[in-house]
Amino acid sequence: MKSLRNIFYYSILLTVWSTLGVPKPLFAEDALLVKQIQDLAGQMSRMQTMVSEMRGTIENQGRQIVQLQELAAAGPSGREIGADGRDSFQKNLESQIGDSGKWLRGLKFSGDLRLRYEGIASPKGSNVNDRNRFRFRLRFGFEKTWSDEIKAGFRLASGARQYNPTSTTPGSIDTAGAVTTTNQTLMNNFDHKEINIDRAYATYLPRWARSGPVEKFEMTAGKFANPFEEGSTMMIWDRDVAPEGAYERLEGKILKSERLNLGATLTGGQMVLQEGLATGADAQLFAVQGGLRPEWSPEGVQKPIAFKNLASWYWFDGITKSGNYVSAGYNPLQGQDLAAGGFKVFEVYNEVSTEFPKWKVPQVALYHDWARNLDENALTKVTGGGQDTAWSSGMRLGKAQKKGSWEAAYEYYWIEANASPSVFSDADLGGTNRCGSALKFYYALSDAMNVGTSMFFMDRLLQSDTSWGTDQRRDTYQIDLNWKF
């Protein structure tokens with residue numbers, strides 16, 4: 001305080017001396033004091049500048065807050081306030097392409113490319129040669145959303161069509177049906193590979209149906225993604241099968257509470273298998289699938305425990321008649337017809353899944369699938385008499401979606417000869433009349449690319465019968481590199 005007081009007194013004295021024209025003292029202490037006064041004045045000037053800048057910043061922020069409040073009050077139509085670069089981009093785009101810009105709204109493109117090495121090994125002494133082949137799969141398509149009620153789309157995919165309409169050789173793998181694969185094998189001296197229509201569909205999601213417990217109702221027609229995959233494993237449906245016809249799906253919420261959410265689903269399908277011009281009777285598939293999707297959140301658990309309890313019924317009407325099935329695959333024959341006589345398949349699928357972030361355990365899922373053909377009428381064991389049941393159990397750990405994530409799975413399959421139409425079962429399993437294990441592991445190199453391997457160790461159930469041949473065990477090894485775009 002004393003030094004500040006001295007500075008004040010000296011400043012007054014210097015001011016008086018300057019006014020009277022009295023020479024300033026030139027003592028060393030006085031010079032130091034003058035310098036201190038000048039430094040202090042400079043600091044005060046800088047502080048005033050900072051205060052002025054802060055006041056301007058605060059006023060500018062206040063104006064921005066007011067603008068944001070006005071924009072929020074105006075809603076989506078208030079584009080005149082706070083308009084950004086998107087408006088100018090839209091105007092520039094419309095000036096270049098005209099009214100075509102309307103078509104781009106609601107348009108979504110998707111696709112993927114898979115490169116695969118596949119080795120198939122047969123037991124030593126078998127009369128079936130080992131195979132080593134390189135394959136690829138290419139899929140791309142568009143989906144256009146016209147409104148919240150209507151959308152349509154298509155997808156093209158690689159793969160070869162099935163040119164042999166019926167197979168008369170039991171267990172002939174070469175006629176297992178191309179509907180179960182979109183792979184193309186690198187061969188035939190660089191010939192061009194085929195691209196086919198994989199999907200072409202339209203979907204209607206009426207607003208009037210969304211009331212009460214109903215959250216979603218849709219009706220789809222054309223050629224579409226299989227709506228029954230959720231309640232089934234590969235023993236019934238290969239993931240490349242794209243059904244044709246129509247289906248309806250209803251999804252809703254029965255109960256919603258703090259600890260339990262109970263969802264439900266019901267799907268019905270009417271699908272075309274074959275126009276029976278040659279047989280005089282068409283073949284079609286009528287299917288129903290329904291069940292519950294409970295989510296339970298017990299106290300102390302970070303993530304809910306999700307369940308799937310689904311039951312399906314498939315009636316493959318007329319498919320067993322010669323000329324109505326694309327291929328017999330591994331279904332036994334009785335003359336020219338499929339020996340099963342009929343396929344009315346009842347299936348029950350159960351799954352439980354959760355994750356444990358506290359212990360850094362990724363998503364884990366356990367599942368079991370069981371099915372039986374209720375219309376199996378084969379006359380002998382060789383033709384699959386009594387071979388009407390299929391089941392599988394599996395475990396999946398993780399999910400290879402984001403960069404650095406991974407996924408591993410183990411599955412066991414028991415698929416009797418007449419349990420279901422072999423032509424639709426997974427091609428890597430070998431169709432029906434098979435038992436064995438499948439192991440898979442995938443690692444995500446990025447959000448859009450992953451690498452993985454799959455192994456299938458499958459054996460024949462009816463291999464003791466000479467009509468089916470000998471040494472029918474088959475081991476398949478695959479290495480995949482997948483891109484999504």
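**View 1. Strand E1 and its pairing with strand E19 and strand E2.** In this predicted model, 10 bridges join E1 to strand E19 (residues 474–484), the two running antiparallel, where strands are DSSP runs of E with at least two residues, numbered from the N terminus, and pairing requires at least two DSSP bridges. Within this pairing, Arg114 stands opposite Asn482 in E19. Strand E1 (residues 107–121) is also joined by 14 bridges to strand E2 (residues 131–145), again in an antiparallel arrangement, and here Tyr117 stands opposite Phe134 in E2.

**View 2. A nonpolar surface patch that includes Leu374.** Phe286, Trp313, Phe346, Trp370 and Leu374 make a nonpolar surface patch of about 450 Å²; such patches take residues with over 30% relative accessible area and no salt bridge, nonpolar side chains (Val, Leu, Ile, Met, Phe, Trp, Tyr) being joined within 5 Å. A salt bridge here is a side-chain nitrogen of Lys or Arg within 4 Å of a carboxyl oxygen of Asp or Glu, and accessible areas come from the Shrake-Rupley method with a 1.4 Å probe, only the protein chains shown counting as cover for residues. Leu374 lies in the loop between strand E14 (361–373) and strand E15 (389–398), and Leu374 is exposed (over 50% relative accessible area), with a value of 55%.

**Notes to the views.** Residues are numbered from 1 along each chain as its sequence is written, and side-chain values use heavy atoms, with hydrogens and water left out. Local features need pLDDT of at least 70 and side-chain atom pairs count only at pLDDT 80 or more, whereas totals for chains, interfaces and linings use all residues.

Technical notes. Helices (H or I, at least four residues) and strands (E, at least two) are DSSP runs, numbered from the N terminus. Patches are made of residues with over 30% relative accessible area and no salt bridge: like charges are joined within 9 Å, nonpolar side chains (Val, Leu, Ile, Met, Phe, Trp, Tyr) within 5 Å. Buried means under 20% relative accessible area, exposed over 50%, partly exposed in between (1.4 Å probe, protein chains only).
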